[in-house]
Amino acid sequence: MSFKTADLCDDFSNELQVLGSELQSFGKRTAFFGPICTVKVYEDNVLVKQALETIPTGSVLVVDGGGSRNCALMGDNLGDIAESRGLAGVIINGCVRDSAELALLDVGILALGTNPLKSKKGGKGEVNQVLSFLGIEWRPGDYIYADEDGVVVSPRKL
């Protein structure tokens, strides 16, 4: 499917949530879409890895890392999992590392920035919850459409 978030906003603005340029792109795929799966963690990526290993192909994993820039919640190993499982993308309210390697992976990856420090491994957090960050409510099952202009979230597949 080919789409432009600008066109989606023109046609469906009354039902979309819109996020501009707050996130940076780190994956090779700059445009992606799919249903949302969610994880909420803080400086701990165990549940991120579990979600990447189990959510359906074509999904977009949305990770609320509390906006922490103190460590990375995803690096090349988790990026490899996302790519090999055919996920559409990963959106992280936090940081990534191994950005040069992530740029080679055929998956969409959006995050606040980079940090070379790995996260804790405590396994604490929540899955499949409605998340709220950057002015958006990220509901499991809603659809994300992302490209170079931003991210739009729809309650249905467009």
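User: Two strands pair if DSSP finds at least two bridges between them, so how many bridges join β3 to β4?
Analyst: Strand β3 (residues 32-40) and β4 are joined by 5 bridges, and the two strands run parallel. Within that pairing, I36 of β3 stands opposite V60 in β4. The names come from DSSP runs numbered from the N terminus, with helices (H or I) of at least four residues and strands (E) of at least two. This is a predicted model, in which local features need pLDDT of at least 70 and side-chain atom pairs 80 or more, while totals for chains, interfaces and linings use all residues. Residues are numbered from 1 along each chain as its sequence is written, and side-chain values use heavy atoms, without hydrogens or water.

User: And how does the chain cross from β3 to β4?
Analyst: The chain passes through helix α2 (residues 46-54) on its way from β3 to β4, and this β-α-β crossover is right-handed. That term applies if, with the strands pointing away from the viewer, the path from the first strand over the helix to the second runs clockwise.

User: OK, is β4 itself mostly covered or open?
Analyst: Strand β4 is mostly covered, since 5 of its 5 residues are buried, where buried means under 20% relative accessible area, exposed means over 50%, and partly exposed lies in between (1.4 Å probe, protein chains only).

User: Which of its residues point which way?
Analyst: From β4, V60, V62 and D64 point one way, while L61 and V63 point the other way, and all of these residues are buried.

User: What's on the β6 side, then, and how does β4 run relative to it?
Analyst: Strand β4 (residues 60-64) is joined to β6 by 5 bridges, and these two strands run parallel. If you want positions to look for in the viewer, V62 stands opposite I91 in β6, and V63 stands opposite I92 in β6.

User: Why would you call β6 largely enclosed?
Analyst: Strand β6 covers residues 89-96, and 8 of its 8 residues are buried, so the rest of the structure largely encloses this strand.

User: What does β6 do with β5?
Analyst: Strands β5 and β6 pair in the parallel sense over 2 bridges. In that pairing, A72 stands opposite C95 in β6.

User: How about β7, how many bridges join it to β6?
Analyst: There are 6 bridges that join β6 to strand β7 (residues 108-114), and the two strands run parallel. C95, the residue in β6 that A72 stands opposite, has G113 as its bridge partner in β7. V96 likewise has a bridge partner in β7, namely T114.

User: How many residues of β7 are buried, and in which sense does β2 pair with it?
Analyst: In β7, 6 of its 7 residues are buried, and the strand is described as mostly covered. Strand β2 (residues 24-25) pairs with β7 in the antiparallel sense over 2 bridges, and S25 is placed opposite L110 in β7.

User: Changing topic: what is the phi of N128?
Analyst: The phi of N128 is near 55°, which is a positive value in a residue other than glycine. N128 is placed in the loop between β8 (126-127) and β9 (131-133), and its relative accessibility is 52%, so N128 counts as exposed.

User: And L134, what about its phi, and where is it found?
Analyst: L134 is not a glycine either, yet its phi is positive at about 55°. The residue is found in the loop between β9 and β10 (136-138). With a relative accessible area of 31%, L134 is partly exposed.

User: Last one, where does K157 sit, and which residues does it touch?
Analyst: K157 lies in the segment after β12 (150-154). Leaving aside residues up to four places away in sequence, K157 touches F33, Y143 and Y145, with contact meaning heavy atoms within 4.5 Å.

User: How far apart are K157 and D142?
Analyst: K157 and D142 are 15 residues apart in sequence, and in space they are 7.6 Å apart, taken C-alpha to C-alpha.

Note on methods
Pairing = 2+ DSSP bridges.
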